[in-house]
Amino acid sequence: MIKIDVDMNKCQHYGQCVFEAPEVFQLNADDKLEYVAEAPDEMLADLEAAADVCPMQAITITRA
Amino acid sequence: MTDAPLLIVGAAMAGLRTAESARRAGYAGPIEFLGAEAHAPYNRPPLSKELLQTEGHGHDEVAFPIRSALEQDVTWTLGRAAASLDAERRVVTDEAGDEHPYRALVIATGLRPKPLPIPDHGLTGIHVLRTLDDAVGLRSALRSGANVVILGSGFVGCEIAATAAKNGCAVSVVTQSAVPLERALGPELGGEVRRRHEAHGVRFFTRDGLFGLVGDPGVERVILTSGVMLECDVLVVAVGSDPNTEWLDGSGLDVSDGVLVDGGLRAVGDDGVVRSDVFAVGDVARYPNPLFDDVARRVEHWNLPTETGKRAGQLIAAHLAGADCEPLAAAGFAPLPSFWSDQYDMHLLAFGMTYLADRRELVAGSLDDECVVEYHRGDALVGVCGIGMRSLVQSYRSRFTVPTAAV
Ligand SMILES: Cc1cc2nc3c(=O)[nH]c(=O)nc-3n(C[C@H](O)[C@H](O)[C@H](O)COP(=O)(O)OP(=O)(O)OC[C@H]3O[C@@H](n4cnc5c(N)ncnc54)[C@H](O)[C@@H]3O)c2cc1C
Ligand code: SF4
């Protein structure tokens, strides 16, 4: 499993991550980020891509 | 020399992304980073924002994570600048005279701030902002009550102004333009940005410039070309950047304005011939983008080190595996530039090349609150920028497409 952590003090809800891994990250109706905290190992590349494109560098990916 | 590494000159964001991508695309051989800064790659945008206002923040707070793929067979030579390139011998010589042979070379040396446009007479208190060390130095100067004069009203100048105002400094912005961010965003949004800064006490001296400096040993006053004299403890020069390509002089590459590359990020010689083993990525690279037209440009937005690095990494892996790179290169490169800026509680987000526009249109909201502005050149949409309204701005991404060739 991969653990996903978003530092909500840093996140500015830009939504860039949503385009790399929409299964995990979404902007809700109020333009706020929502995400799931765990994902299968096959998603590692997409999740690293999402972490890379986050302007606030708010996303941490760890392999549990 | 089959054991020579993939050599990446410039150990920052674009170089890092290129290395990650080359690994992902199957290159398992040695990688060497040669970087002028003493620090491992880190993220620059916070340097004009959080890090500039948060005492104690340093490399730990802005360092990029090093992914597991780069833990093996990677050498970091940091605090050492490249001095010259011999592309025939495939060797880079550094400032200490040491030679770094390579199988493939990545040029990722980015930009540096343009200097003060008038003589500085050796005065202290004059700053630029590009590196972590610059930011730490500037931060200690932005004490509450300090008189701060910022020359230039682009993104970096505006963000420093906002941070300094929040820190309690008395801030003046001196700019050639009529409004801040004029070139990037046009007069309407630029005017709104000015109003928001003025609401925080920032003063603007537009269509103006620096005439002279007074002080000893530190700057105390600046005299503007309009004749106005401003008290000044801290002078920040934020008038744009120049590409770091001096080390490539005489290498045979076209470095007339950054490093000219083809759609595969491969360097083009001044003879017009593409070099199959030399690549350029990030802010230093100049390339055409078929989303807009066929003019080669340098684009200084944060998402492009990643986009150019990803693409270059794929070609590098193919080249080093002995594969034919032409089909990959011919697939074209059309990344959508995206940029953002945070000033006070205003969050700007933009896609495209807003500065190419000849016409702008407010399509949602109002300027003094949240809004979205479209940028058009002739009939074509070339950019979009919003204050807030994230979902709407994001929804434009799919509207930038490569025009199908006219039949
Ligand atoms: C203060 C600041 C704030 C920013 N904020 C934003 C923002 O909010 N939004 C946005 O979209 N973009 C922003 N940007 C732009 C973004 O950070 C850049 O596009 C990005 O840093 C470019 O990365 P790069 O790796 O191409 O180049 P650089 O980050 O410039 O890295 C180049 C590296 O090469 C090294 N080098 C130079 N010459 C040599 C040599 N001869 N030998 C060896 N090494 C060398 C340099 O020391 C440097 O470490 C900001 C930039 C700055 C400076
Ligand atoms: S990209 Fe980063 S800042 Fe933007 S919504 Fe995702 S986590 Fe938040």
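**Exercise 1. Charges over rings**

Over the ring of which residue does the charged end of B:Arg183 sit, and how far from its centre?

Solution. This is a predicted model, in which local features need pLDDT of at least 70 and side-chain atom pairs count only at pLDDT 80 or more, whereas totals for chains, interfaces and linings use all residues. Residues are numbered from 1 along each chain as its sequence is written, chains are lettered from A and ligands numbered from 1 in the order in which they are written, and side-chain values use heavy atoms, with hydrogens and water left out. Start from the criterion: a charge sits over a ring if NZ of Lys or CZ of Arg is within 6 Å of the ring centre and within 35 degrees of the ring normal. The charged end of B:Arg183 is placed over the ring of B:Tyr355, 5.4 Å from its centre. In a further case, the charged end of B:Arg390 sits over the ring of A:Tyr14, at 4.3 Å from the ring centre.

**Exercise 2. An aromatic pair**

Describe the pair formed by B:Phe33 and B:Trp76, and state which parts of chain B it ties together.

Solution. Rings of Phe, Tyr and Trp (its six-membered ring) pair if their centres lie within 6.5 Å, and planes under 30 degrees apart count as stacked, over 60 as edge-to-face and the rest as tilted. Over all chains there are six aromatic pairs; one of them, B:Phe33 with B:Trp76, is stacked, with 4.1 Å centre to centre and 5 degrees between the planes. Next, locate the partners among the helices and strands, which are DSSP runs (H or I, at least four residues; E, at least two) numbered from the N terminus. B:Phe33 belongs to strand E2 (residues 31-35) and B:Trp76 to strand E3 (residues 74-78) of chain B, so the pair ties together parts that are 43 residues apart in sequence. Finally, consider accessibility, where buried means under 20% relative accessible area, exposed over 50% and partly exposed in between (1.4 Å probe, protein chains only). B:Phe33 is buried at 0%, whereas B:Trp76, at 31%, is partly exposed.

**Exercise 3. Contacts of ligand 1**

Which distances separate oxygen atoms of ligand 1 from polar side-chain atoms of B:Glu37 and B:Arg44?

Solution. A polar contact is a pair of N or O atoms within 3.5 Å; within protein, one must be able to donate a hydrogen and the other to accept it, and residues adjacent in sequence count only if both atoms are side-chain atoms. An N or O atom in the side chain of B:Glu37 is 2.5 Å from an oxygen atom of ligand 1, and for a polar side-chain atom of B:Arg44 the distance to a ligand oxygen is 2.5 Å.
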